[in-house]
Amino acid sequence: MGQRESREHRVAEEAALPPGQRLQRGWPVTHYGPVPKFRPERWEFRVFGATADGDKRVWNHEEFSALPYSTVVADLHCVTKFSMLGAEWGGVPARTIVELAPPAPAVTHVMVWAEYGFSANMTLADFASERSMFATHKDGELLTAEHGFPLRLIVPHLYAWKGPKWVRGVEYMTADRRGFWEERGYHNLGDPWREQRYSYQEEPGDGPEL
């Protein structure tokens with residue numbers, strides 16, 4: 001690639017970044033607390049709360065791994081200000097889970113639950129976006145434990161903390177409720193294009209009171 005082409009490529013990449021973000025080569029490991037040990041015989045994925053039929057739905061690891069596999073090319077924007085562009089994420093689309101375990105008509109939000117009680121809230125529309133993915137792979141390779149194996153949620157249009165690592169289930173909710181980081185000062189909505197990083201930036205109606 002010539003100097004001009006390289007400069008144009010860099011400009012194009014920078015134009016794809018949300019405000020305040022920097023382009024990241026590689027994928028840093030960022031998380032709070034220890035990496036959980038994966039025990040396939042004990043692992044299960046649950047959908048519960050305000051389901052359409054009132055019952056919870058449970059998949060063990062073998063059953064969840066047998067769900068239809070799909071890929072999406074999408075960016076990842078971390079609130080710590082790095083962005084990783086154009087990764088291929090493989091796994092089970094969030095929309096597939098919504099179809100297999102439908103929410104009740106009154107559901108407006110979901111809470112995504114992960115190991116150690118970590119959680120992230122978002123609107124049902126954000127969760128069921130066509131690009132939201134329960135990822136098991138990145139660029140054709142299984143996720144490492146440090147990056148969320150066996151399962152992490154990718155919601156490309158929100159900051160990455162809205163997509164927890166080591167996901168274990170989804171709770172359907174008829175009203176919004178703050179998740180782990182949202183209770184600790186992070187913005188309730190988390191739109192990187194609006195730089196919704198911290199709760200002090202919230203406007204009326206952005207989320208429940210702290």
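1. A pocket, as the word is used here, is an open set of grid points with protein on both sides within 12 Å along at least five of seven lines, and its lining residues have an atom within 4 Å of a point. In this predicted model, the second largest pocket is lined by 14 residues. Phe-64, Ser-65, Thr-136, His-137 and Pro-150 are the lining residues that lie nearest its centre. Helix 2 (61-65), strand 5 (82-93) and strand 8 (133-138) are the elements that each give two or more residues to this lining. Helix 2 gives the most, with three residues.

2. The second largest pocket holds about 180 Å³ of space. Its lining divides by class into nine nonpolar and five polar residues, with no charged residues.

3. The largest pocket holds about 490 Å³ of space. Its lining has 25 residues, and those nearest the centre are Thr-30, His-31, Tyr-32, Trp-161 and Trp-181. By class, 16 residues of this lining are nonpolar, six are polar and three are charged. Charged residues are thus present in the lining of the largest pocket, whereas the second largest pocket has none in its lining.

4. On enclosed space, a search of the whole structure returns one cavity of 30 Å³ or more. About 70 Å³ of space lies in this largest cavity. The cavity is lined by 13 residues, with Leu-76, Ile-154, Val-155, Leu-158 and Ala-160 nearest its centre. Strand 4 (70-77) and strand 10 (152-154) are the elements that give two or more residues to the lining. Eight of the lining residues are nonpolar, two are polar and three are charged.

5. Five strands form an open sheet in the order 3-2-11-6-7, and the pairing is mixed. Strand 3 (57-60) and strand 7 (119-123) are the edge strands, each pairing on one side only. From one strand to the next, the twist averages 15 degrees.

6. Within the sheet, strand 2 (residues 44-49) and strand 11 (residues 167-173) run parallel and are joined by four bridges. Val-47 has Val-170 of strand 11 as its bridge partner.

7. The count of aromatic pairs comes to 14. In one of them, Trp-59 and Phe-64 meet edge-to-face, at 6.4 Å centre to centre and with 90 degrees between the planes. Trp-59 and Phe-64 are both buried. Phe-64 is also among the residues nearest the centre of the second largest pocket.

8. How are the rings of Tyr-198 and Tyr-200 arranged? Their centres lie 5.9 Å apart and their planes stand at 15 degrees, so the pair is stacked, the cut-off for stacking being planes under 30 degrees apart. Tyr-198 is partly exposed, with a relative accessible area of 29%. Tyr-200, at 68%, is exposed, since the word applies to values over 50%.

9. Tyr-198 and Tyr-200 also belong to a cluster linked by ring pairs, together with Phe-118, Tyr-159, Trp-161, Phe-180, Trp-181 and Tyr-186. Trp-161 and Trp-181 of this cluster are also among the residues nearest the centre of the largest pocket.

Note on methods. Residues numbered from 1 in each chain as written. Predicted model: local features only at pLDDT ≥ 70, side-chain atom pairs only at ≥ 80, totals over all residues. Heavy atoms only, no water. Pairing = 2+ DSSP bridges. Axes fitted to C-alpha atoms, helices over the stretch in contact; angles between N-to-C directions. 1 Å grid on protein atoms, 1.4 Å probe; cavity = no way out; pocket = protein on both sides within 12 Å on 5 of 7 lines; lining within 4 Å. Points joined across faces, edges and corners; volume = space filled by probe spheres on them. Nonpolar A, V, L, I, M, F, W, Y, C, P; charged D, E, K, R; others polar. Phe/Tyr/Trp six-rings, centres within 6.5 Å; stacked < 30°, edge-to-face > 60°. Buried < 20%, exposed > 50% of the residue type's maximum accessible area, 1.4 Å probe, protein only.
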